Amino acid sequence: MTSRIPRDSRLRLVRPRPLAAAPRAMNQRPSRRPAPRPPEGTPAPVELARMARSGLADAARVAHWADAALGPGRAGGTDDGKATLSDATAERAAADLGLTSAQVRADWDIARLAGLVEVHGDSARPGWRLRAWDRDDSAVLRGWVALFDAWSLAHPEPPDHEPAAVAEVVSAMPQVLSFLQLSAGPVPVEQLLDLLQQRVTELRTERCEVPYEPGPASLTTVVPRVGADAAEPAPVGDTPLAPLLDWSLHALASVGALTCGDGQATLTPLGSWAVWVKLEQICVAAQSPAGNIEQAAEAMLRGCAQLRPNAARAEYRAWLAARTVGSAVTELIGAARGEDALLRGLAFEALRVVGAPAEPDVRAVVDDPTLRPYALLWLAEHDGADPEDAHEVLTREEATWLWVDTAAAVADHGEAPLLVRHLESAVQPTVPQLLDEVRAVGHPRTVQVLVALAAAHPDPALAKAVRRAAFQVHTGG
């Protein structure tokens, strides 16, 4: 009896897919939560994108100039490795655009924070959002939200303030913004100051920094005032918060999130929409069965494994928003080092949401054999490579190792037909060639993957060849 398929049947050549393809294919469960609708009166996405383009027009102009004048990946944009324009480049841009050097530097910083420009050492290149600027409203809005998230970097903080106090105010501002969003109108700055003081006090209480002794010292926390003194809330600790609140409001105004004047602050339509988006992300995570926002990275990733890609990315963003970038990246890389290949792929998907701040940590694991293929793909995409072509940075051996790791994830969490279809993503043109290279690559899950593939494949001859290869790996033959 002969097989319907020759023993060394050629595999259909397709682009190799990273591990992220496995969970995507497994995510067959539809989302039970209907798509949330923004508050009544929120402009349509097209109008929001028009507002974002208008607010970022100067930054986009400088980014387009850099794209044309410097060229993608060409050196000479910066001179200090910190994304600061060199003097010569700033003066050249000012002359070409009819601006001052200070204006060019300010617009450059905004473009960098919005992802229109990416800087690596002393090389500058256009970000992917710039490529999609005129045709993709969602890319424009994501760029504006990235700038909104970085509001504290877009406007210099007031001098002579303790960094710890500035950090406390930055940590407390989301609650102030939520209050502004719920108010849906102008709010007196005095009321915002009182709310800020309460939130900073809560933060200090959580760290046990509020003095326990009764007396005047304990009154440095928030004390309600009445009468003529109501306009002058008590300071929190030794740092008056009014100047820091003023800085925060002006920084948010500088990125187009709110307007302030006549002692009042009001969210712009873009600012109100962005705050709503952030709240929705947190609600999605909080309502997930695993309570992802409060979980460690590994538990969070497991909770996201059955979600569709968009829903998973929303959960990643909410989880990241509740942590400092450094600790979140450390947790994700720790989860990627584990034995579960699916979590490894999902961890790097979450690191894609982190973006540029994760680059140093990802580069640090390039020499780790287990993480190297994932790190190389991440870095290639971060450097502007098309995700469909990023696999070209991998050697044949690295691509084969990744194929086995992906197959391990599918075998552990997917279904048999998916494992059979995974053969199509191999870089080898024939099954015997694939088996030879899989045996040579030395992945610790090779035997289990081959046994699962043999059990799942409908062709008896091919399944027999795969079982033989599994036995040879197992016995060291």
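Partly exposed means a relative accessible area between the buried limit, under 20%, and the exposed limit, over 50%. The model used here is predicted.

**Exercise 1.** Find the salt-bridge partner of Asp 137 and classify Asp 137 as buried, partly exposed or exposed.

*Solution.*
- Step 1. Asp 137 pairs with Arg 53, with the closest N and O atoms 3.0 Å apart.
- Step 2. Place the two residues: Asp 137 is in helix 7 (residues 137–149) and Arg 53 is in helix 2 (residues 45–55). They sit 84 residues apart, so the pair links distant parts of the chain.
- Step 3. The relative accessible area of Asp 137 is 26%, so Asp 137 is partly exposed.

**Exercise 2.** Describe how helix 16 and helix 18 are oriented to each other.

*Solution.*
- Step 1. The axes of helix 16 (residues 341–354) and helix 18 (residues 372–382) come within 11 Å and cross at roughly 20°.
- Step 2. Angles under 35 degrees count as roughly parallel. Helix 16 and helix 18 are therefore roughly parallel.
- Step 3. The crossing is right-handed.

**Exercise 3.** Work out which residues meet between helix 16 and helix 18, and find a salt bridge joining the two helices.

*Solution.*
- Step 1. Helix 16 brings Ala 341, Arg 344, Gly 345, Phe 348, Leu 351 and Arg 352. Helix 18 brings Tyr 374, Ala 375, Leu 377, Trp 378 and Glu 381.
- Step 2. By class, the contact has seven nonpolar, one polar and three charged residues.
- Step 3. Arg 352 and Glu 381 form a salt bridge, with the closest N and O atoms 2.9 Å apart.
- Step 4. Arg 352 has 26% relative accessibility and is partly exposed. Glu 381, at 21%, is partly exposed.

Methods
Residues numbered from 1 in each chain as written. Predicted model: local features only at pLDDT ≥ 70, side-chain atom pairs only at ≥ 80, totals over all residues. Heavy atoms only, no water. Axes fitted to C-alpha atoms, helices over the stretch in contact; angles between N-to-C directions. Helix = DSSP H or I, 4+ residues; strand = E, 2+ residues; numbered from the N terminus. Parallel < 35°, antiparallel > 145°, perpendicular 65-115°, else oblique. Left-handed = near helix turned anticlockwise from the far one by under 90°. Contact = heavy atoms within 4.5 Å. Nonpolar A, V, L, I, M, F, W, Y, C, P; charged D, E, K, R; others polar. Salt bridge = Lys/Arg side-chain N within 4 Å of Asp/Glu carboxyl O. Buried < 20%, exposed > 50% of the residue type's maximum accessible area, 1.4 Å probe, protein only.
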